[in-house]
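Here is a short report on chain contacts, surface patches and a few chosen residues. Please keep the structure open while reading.

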Amino acid sequence: MAIVSFPSSILKVTNLAKSFGGVKAINDVSFIVREGTVTGLIGPNGAGKSSVVNAISGFTQVDRGVVELAGHDITNQAPHRIAARGLIRSFQIARELQKLTVLENMMVAPFQQLGESPWRALISRRAVMREEREHLAAAVDWLQMFNLFPLRDEYAGNLSGGQKKLLELARALMAKPKVVLLDEPMAGVNPTLTKTLQGYISRLRDQGVTFLLIEHNLSVVEAICDHVVVLAEGAVLAEGQMNELRETEEVISAYLGG
Amino acid sequence: MSSLVFYLLTVAIFFCIYSIYGWGLNLQFGLTGILNFTYITFVAIGAYFAGVAALQPGNGGIGGQYILGWHLPFPIPPIIGGIAAAILALLVGYVGLKRLRSDYLAIVTVSVGQIVWTLIGNITPLFNGWDGLAGVPQPFNSIFQLDFNHYQWIFLVICILFAVLGFWIIERLTHSPFGRVLRAIREDEDVAAALGKNVFRYKMMAFVIGSIYAGVGGALTIAYIGAFNPSGFTTMETFIIWAAMLVGGSGNNRGMILGAFIVPVLFNEGTRFLPSTPGNPLLAVSIRGMAIGLLLILAARYRPQGILPERKTIFRLDGLQQGGEVGGDRVVPQ
Amino acid sequence: MEWNKRARRESCDVSLLLMGVGFGLITASVLAIASVGLTLQFGVTNFVNFAYGEFLTIGAYLAYFFSAVANLNIWLSMLLAALLTAGISWLINRVVIQPFLKRKAPLLILLVVTIGLSLFLENGVQAIAGPSFQQYVTAPGAIVNIGPMIFTAQQLVIVGIAIVLMTVVHLLLKYTRIGKAMRSMSDDPDLARISGVPIQRVTDLAWLISGFLAGLAGVVLAINVTSFTPALGSQFLFIIFAAVIVGGIGRPYGAMLGALLIGLVTEVSAMYIDSAYKTVVAFAILVIVLLFRPQGIFTSRGRV
Ligand SMILES: Nc1ncnc2c1ncn2[C@@H]1O[C@H](COP(=O)(O)OP(=O)(O)O)[C@@H](O)[C@H]1O
Ligand SMILES: [Mg+2]
């Protein structure tokens, strides 16, 4: 499939391929994510959605293909390097830092904190503390937004499944990412909060944050995704806007049959 | 001086030294989740290098075969010991820390322990082989000219100074953003990496800083005893420190002080009075080893967090400049 | 003249080399038995047993008891010792390890437990048997010359035992249902769990086999080094690690090849350098493999 390179594409995946043993988890996948949009990534279970997210974020080494972030080739780079370029991912199964409190989970996220250098932590105590206060203010804002503020001093391991997903999302946003890859962020989150989250994602998008969103609930996808990529059996099945895709026969059969 | 005072002074000195050891191991394991099964080797390297930095040039004869022999005054040998341990940690970490699974570093440390022990014993020109170093000068005693009994007081003061400094540094690191990243790595390396932290680099820093504690502790040990040889750094010594950490509280530097008091004192001193049978001269030592091993297992089983568990970090939130209404205009907090 | 000297040295080198190969085959045999035992257990349980060296020690001392105290034949003693070590290994898994797994203790804690166990067992053996050197009272048997390689009959038996055991392990993994279950747990634990592999039975069996091979390896190691102390196993452990990692951890066939490689290289190098340093050679190989091919040199993709 020929890909037209839009000047505004911030994430571009070209001919990505990855096999696990005999399983072709990703089989020649190409798509772009344009800056300031919410792009949906949908498909039946085992379609390879999480594998694509892992490949983009550097957590799996791909066999073939290229991943570009804002024009830079980031294929198979170390995850922390990719993250440092402003691409933050969440995990499908929430991975909270269990023996850190909710607030500490948030405080880990900001990049290049002064006090992350042991030397600075020792000698520039005042500057480190000042920076901590700034991050703390931001963290508190996010936690309030996600209804997690009352739980701020709880160990993250003690949260409920839905709360963990929220924390994961809040933590990703705390890192001030340019591009966010969210692997089923709303699974296990109650419907009211799901609605609220949709609102936040749309609003963040309007502020220039780009999202690649894996989501099973198609009405959510329809509500917030500007563009949708449908995966099945490791390959791109169709692409377009959700309301068009709903009519597409292949998509229907992949979902119903798959 | 009464023998009781002498004894108590010795215990106090070793208590300080074990605390220093423990903080280093705690940084590695308690905070970062790094398995160093040969911590004592870093102690030994610190001790040896501090020893040969403080000794007169070796005469090359019996008992006098060793490198350096720089005859440096006191605060310098511990620094050299710390640097030597740090360099060993860099090498070991480079091989063992890149792998994702924690078993690999553990395997590398076990192997390094064996190799270093064999090499130091067999290559006599390094540190006088199996006989080891002896006659290492006592810090400042060329000035004080005290007998060993009275010198104990001076050395205790030196140890307390080192321990206070060591505690101050380790506490600052533990409760800083640096310590937070280390704990994040301990909980889940992938998450730390996904948030842009260079996991290898941080683990390396924790490993090296922890090893500096080992090296400096070793330097104090050789300065105190005046001698050091391969029987001073057997596997069992590593696990006395491990047991102290697990019992006291891994991840808690105060707990570590408690553990340094309970375990080495209890075990080294308590089992000292076991009878030594003529048929089995090492029976007491063997029983001590069994007890340490059992203690490790039981601590891991019944109270892995230790007597004083890691403390929860509670941030004070008063006076924060907050971003106003929830769901207000400013969605991305500044 | 210069050329002449080199030629002479080379012909000398060749026989030295072959002699080293001879020793290497024996060490490789001992190492193969030990390494396969460690790696099989790792494959199934997915953690390294740092007390494995002590399983060898226990085997060696049990055989010493049977042969020197109870006056049994050394090979019979070896068999009994191996069986008993298998039982001890099984028991240790059930009593010490399983409670941690049931509570889903983290890997770090589990490794600390096995190292605590190693300290306990080594010192336990030392408390009972004493720290001094022991030796089996056996005749090494007739000398057999194969080219410049010299073997004792006993050494040839060791090589034979290793070959038989490796074949048995191969047949077990390849053709029995439980062996296939072991392999599937090793390849993909989650998949094995879902597809109804009897986890408990396979785990029990893995510890039994691992203990049996360790006990046996301990005896042949003790025969091979002639005299031994309670540190026998712990000092050999990292050479086992080297073989296991060279072959790819958790992979029995890799461990066999790794054992062959490490055995040959260490013994051949001992012909040219002080043999006190042959462990250094094993260590160097371990380091090189960990740096450049941590998944093992005989495997294409790894589980690191
Ligand atoms: N680490 C892995 N090892 C082996 N197979 C994998 C691995 N990760 C994913 N797969 C396989 O790749 C396919 C795609 O999986 P995944 O990306 O998780 O799908 P999705 O997220 O769309 O449900 C599945 O068949 C899965 O079994
Ligand atoms: Mg998925």
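Patches are made of residues with over 30% relative accessible area and no salt bridge; like charges are joined within 9 Å, and nonpolar side chains (Val, Leu, Ile, Met, Phe, Trp, Tyr) within 5 Å. Accessible areas come from the Shrake-Rupley method with a 1.4 Å probe, and for residues only the protein chains shown count as cover. A salt bridge is a side-chain nitrogen of Lys or Arg within 4 Å of a carboxyl oxygen of Asp or Glu. Lys and Arg count as positive and Asp and Glu as negative, while His and the chain ends are not counted. The place of a charge is NZ of Lys, CZ of Arg, CG of Asp or CD of Glu.

This is a predicted model: local features need pLDDT of at least 70, side-chain atom pairs count only at pLDDT 80 or more, and totals for chains, interfaces and linings use all residues. Residues are numbered from 1 along each chain as its sequence is written, chains are lettered from A and ligands numbered from 1 in the order in which they are written, and side-chain values use heavy atoms, leaving out hydrogens and water.

**Chains.** Two pairs of chains are in contact (heavy atoms within 4.5 Å). Chains A and B share the most contacts. Chains A and C do not touch; 9 Å separates their nearest C-alpha atoms.

**Patches on chain C.** C:Lys174, C:Arg177, C:Lys180, C:Arg183 and C:Arg201 form a positive surface patch. Helix α6 (residues 177-187) of chain C gives the largest share, three residues. Helices are DSSP runs of H or I with at least four residues, numbered from the N terminus. C:Leu72, C:Leu76, C:Leu79, C:Leu80 and C:Leu83 make a nonpolar surface patch of about 380 Å².

**Chosen residues.** Buried means under 20% relative accessible area, exposed over 50%, and partly exposed in between (1.4 Å probe, protein chains only).

| Residue | Helix of chain C | Relative accessibility | Class |
|---|---|---|---|
| C:Leu31 | α1 (residues 2-45) | 0% | buried |
| C:Leu80 | α3 (residues 74-102) | 31% | partly exposed |
| C:Arg183 | α6 | 32% | partly exposed |
| C:Ile288 | α11 (residues 278-292) | 49% | partly exposed |

What does C:Leu31 contact, leaving aside its neighbours within four places in sequence? Its partners are C:Phe236, C:Ile239, C:Ile240, C:Ala243, C:Ala259, C:Ile262 and C:Gly263. C:Leu31 and C:Ile128 are 97 residues apart in sequence, with 27 Å between their C-alpha atoms. C:Ile288 and C:Val246 are 42 residues apart along the chain, and their C-alpha atoms are separated by 9.4 Å.

How values were computed:
Helix = DSSP H or I, 4+ residues; strand = E, 2+ residues; numbered from the N terminus.
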